[in-house]
Amino acid sequence: MPRLRVPFIEQMEDSECGIACVAMIMASYGCCVSLHEIRERFGVVRGGSSLLQLITISSGYSMKSKAYRADVDELRKLPLPAIAHWENKHFVVIEKVGKHKVTIVDPSFGRRTLSLVEMREKYSGHILCLAPDNGFEQRKGRNNWGFFIKLAFKQPKWLIGILCVSLILQSFGLIAPKLTAYITDSLLMDMARDQISLIGFALLSLFVFYEAFCMLRGWSVARLQSVMDLSMMQTFIGRLLRLPYSFFESRTGGELMFRTNANVYIRQILSNRMVTVVIDFILLISYAVLMLVESSSLALLVISVGIGIFLVLVLTTLVTRKFSSREITEQSRTQSFLAECIYGITDIKLAGAEDRIFNSWRGLFTGQLAVTQKRNVWVSLLESFSTGIQFVLPLLLLWAGSHAVWSGQMTLGSLLGFNALAMAFMIPIVSLGSAYTQLLSVSSYLQRIYDVIEAKPEQEENGQVVEHLSGRIELEGVAYRYTPFSAEAVQQLNFQIEPGQKVAIVGPSGSGKTTLAKLLLGFYMPTKGEVRYDGRSIKNMDLQSLRKHVGSILQDTRLFQRTVEENIRMLNDSITLEQVVQAAIKANIHEEILKLPLGYSTMVSESGANLSGGQRQRLLLARAIVTEPHILLLDEATSALDNLSQARIEEALSQMNCTRIVIAHRLSTVIDADRIIVMDRGCIVESGSHMQLINQKGLYYQLYMNEGEKEHELAV
């Protein structure tokens, strides 16, 4: 069986190296499956996949698999390509094992050739062999450009206008050779001095018209780019904001920002290259025909040189694409790391880790610069090759055409005009080669964009719009697991909350309290059971309208870099300043806001860095209650407050006519709850009032007594 060449499929996140390897091997056998599809079917375990999970995923696509414990020398006896465990934390595809070298395809870097010594250092000894089984189906890959080409063709008038202007502009290139021949033969050779003024006026007119059409084309391209930018970014950001919460949990903010910025680069390729490619093809044919008419022998020479340059540029695109892909990967890693550092600057300073973080960033950035330097050197070599050919071609044509001038087959003006025509012919040749290289190199950007475009939105169909909630909530047999491979985070949750009740959810860390909160908000959908509001399943409700009726604060809720007022009303223009003030009063933050430099117009730093922890929590609480919601869900919302502030807020909230769900570690804050639900290891283990649970002397009793002992120690 001939050795299969493994196509490179880049992982989008660190945890996706395993599924990327499975996708690459499947593609080598003719079945092209996107990482998005694998994620949708099987999920991606946080922290990465195991060999057993990769076996399960591959069997889902009718691939038979077998895992081995084998050293490097034994790999030659195994069927390749295969997935190897790498450096005890990563997966790569082994494509070929030779006598002295090993070829691997790394989902984070691409194809690499290693020595056997390097292989022994990094290979952990475990390998998974995959091959098609009964039922295996071949599939063609998707067209990455389809989505963006559709966007471009939504602006047909601008595309047609640019095409027409470009054709007129390029037609000047056909006039130049004729003028060269005429000026040489009529003015220089025939000494027709009386026509000098006329020719000068013609050249001036040519220049004016050329500049006018250049400016018109530039304005048209700029206008097309603006329209495409708006259309692309509206589509991309609109899609991004409607993706499920789990999508953002598995991706870094820096990586998503990099993908957003990639739209600009793709637009530049589309708006400039799409029209240019069409024009270049038209010009190539036109110039070739004119050259053949002038001199077939010289034309064939020029066309042969042009084809040679184009083939060199095309054949070297694989190397160019490899460098570009590596550069994009390194840029993405560096930007993601830097964004993460800026976001976590408080923790970095607390740990005194500035130097270590700087050295880590410098290592990433140095790696990025090294790849960029290699790509630039490679591109400059290609450019010097094509430039050198263009430099020597006029001299070559003068030398080759001298015999035709001596024999009277061509005039000197015709030869010089042909020379100008030949140089004009080379320009679209180089342009087409460059365009082909750019179109291939942009595939890494497209793959990242499609990670967002292909992802399923939070709701495929519009659910029932929620106009009103009474506050009744029911959970029946609710269970949830993050992926098919993970254990259930919560299981068999059964309880009912009546309108107006205050229900507290408590339990040790990791018991599933926050997961339950996210199930109630529709961030996660139950893998089993039902969550109902007023008897209606959350799966059939419009989640956006539902959340408008639920005031909520989660542990990762943040403030924005906007004014205090805007942070409370969250850009909702229907909320008046009076409502904002009333919410702030209930949250016990109004007096402190008035002491700020500009009161409610004071700008809040990113994530509220210019406020204390208690102020941030109370501002978030004001945001949650400003709409007077029917349900209030608070997850550790007042953990940074003192007992006095806590009591004042509790008094204000108790006067609100709403159902309250409070998740808390401080049990002293939930003693007055109508019901306390105690969770442990994803299950409800106790339920009742404070005194009932104390009398049961179960888990709640232990937690409460332990908290009391700690408070007593602090008091002493």
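Among contacts between residues at least 6 apart in sequence, 74% join residues at least 24 apart. That figure, like the rest, comes from a predicted model. The chain runs to 716 residues, and 47% of them count as buried. Its secondary structure adds up to 24 helices and 16 strands. The accessible surface comes to about 35800 Å², with 58% of that area belonging to carbon and sulfur atoms.

As for the interior, the largest nonpolar core has 34 residues, and the members touching the most others are Leu475, Leu520, Tyr533 and Leu546. A second core, separate from this one, holds 32 residues, including Cys17, Ala20, Leu35 and Ile57. Grouping of this sort fits a familiar pattern: nonpolar side chains tend to be buried together in soluble globular proteins. Back in the largest core, Leu520 gives a good idea of who meets whom. Setting aside neighbours within four places in sequence, Leu520 is in contact with Ile473, Leu475, Val531, Tyr533, Ile538, Leu633 and Ile661.

Leu520 also belongs to helix H16, where it is one of the buried residues. This helix spans residues 513-520 and is mostly covered, with 7 of its 8 residues buried. The buried set is not purely nonpolar: Lys513, Thr515 and Lys518 are in it, along with Leu516, Ala517, Leu519 and Leu520. Just past the end of H16, Gly522 adopts a positive phi of about 80°.

Another covered spot with a charged side chain turns up in helix H21 (residues 613-625), which contains Arg618. Arg618 counts as buried because its relative accessibility is 7%, under the 20% cut-off. Not counting residues up to four places away in sequence, Arg618 touches Ala587, Asn588, Ile589, Glu592, Leu641 and Ile649.

Salt bridges come next, and the whole structure has 16 of them. In one, Glu16 pairs with Arg39, the closest N and O atoms being 2.6 Å apart. This pair links distant parts of the chain, 23 residues apart: Glu16 sits in the segment before helix H1 (17-28), while Arg39 is in helix H2 (residues 35-42). Both Glu16 and Arg39 are buried.

Glu488 and Lys528 make another salt bridge, with 3.6 Å between the closest N and O atoms. Glu488 is in the loop between strand S7 (473-480) and S8, and Lys528 is in strand S10 (residues 528-533), so the bridge ties together parts that are 40 residues apart in sequence. Lys528 has a relative accessibility of 48% and so counts as partly exposed.

The loop between strand S1 (63-69) and strand S2 (82-86) deserves a closer look, starting with Asp71. The side chain of Asp71 reaches the backbone nitrogen of Asp73 at 3.2 Å. A polar atom of that Asp71 side chain also lies 2.9 Å from the backbone nitrogen of Glu74. Asp71 is partly exposed, at 40% relative accessible area. Its C-alpha atom is separated by 8.1 Å from that of Arg120, 49 residues apart along the chain. Arg120 appears again in a network of salt bridges that links it with Asp73 and Arg76. Within that network, the closest N and O atoms of Asp73 and Arg76 are 3.7 Å apart. Asp73 is partly exposed, with a relative accessible area of 40%, and Arg76 is partly exposed too, at 39%. The loop between S1 and S2 also holds Pro81, which is joined to Leu80 by a cis peptide bond with omega about 5°.

Two residues other than glycine stand out for their backbone angles. Gln492, in strand S8 (residues 490-497), has a positive phi near 50°. Leu571 has a positive phi of about 60° and is found in the loop between helix H18 (564-569) and helix H19 (577-586). Gln492 is exposed, with a relative accessible area of 55%. Leu571 counts as exposed because its relative accessibility is 52%, over the 50% cut-off.

Finally, some nonpolar side chains lie at the surface. Phe391, Val392, Leu395 and Leu398 make a nonpolar surface patch of about 400 Å². Leu398 is part of helix H13 (residues 354-406) and is partly exposed, with a relative accessible area of 34%.

Terms used
Residues numbered from 1 in each chain as written. Predicted model: local features only at pLDDT ≥ 70, side-chain atom pairs only at ≥ 80, totals over all residues. Heavy atoms only, no water. Core = buried A, V, L, I, M, F, W, Y, C linked by side-chain atoms within 4.5 Å. Buried < 20%, exposed > 50% of the residue type's maximum accessible area, 1.4 Å probe, protein only. Contact = heavy atoms within 4.5 Å. Helix = DSSP H or I, 4+ residues; strand = E, 2+ residues; numbered from the N terminus. Polar contact = N/O pair within 3.5 Å; in protein donor to acceptor, adjacent residues only side chain to side chain. Patch = residues over 30% accessible without salt bridge, like charges linked within 9 Å, V, L, I, M, F, W, Y side chains within 5 Å. Areas by Shrake-Rupley, 256 points an atom, 1.4 Å probe, with all protein chains shown as cover. Salt bridge = Lys/Arg side-chain N within 4 Å of Asp/Glu carboxyl O.
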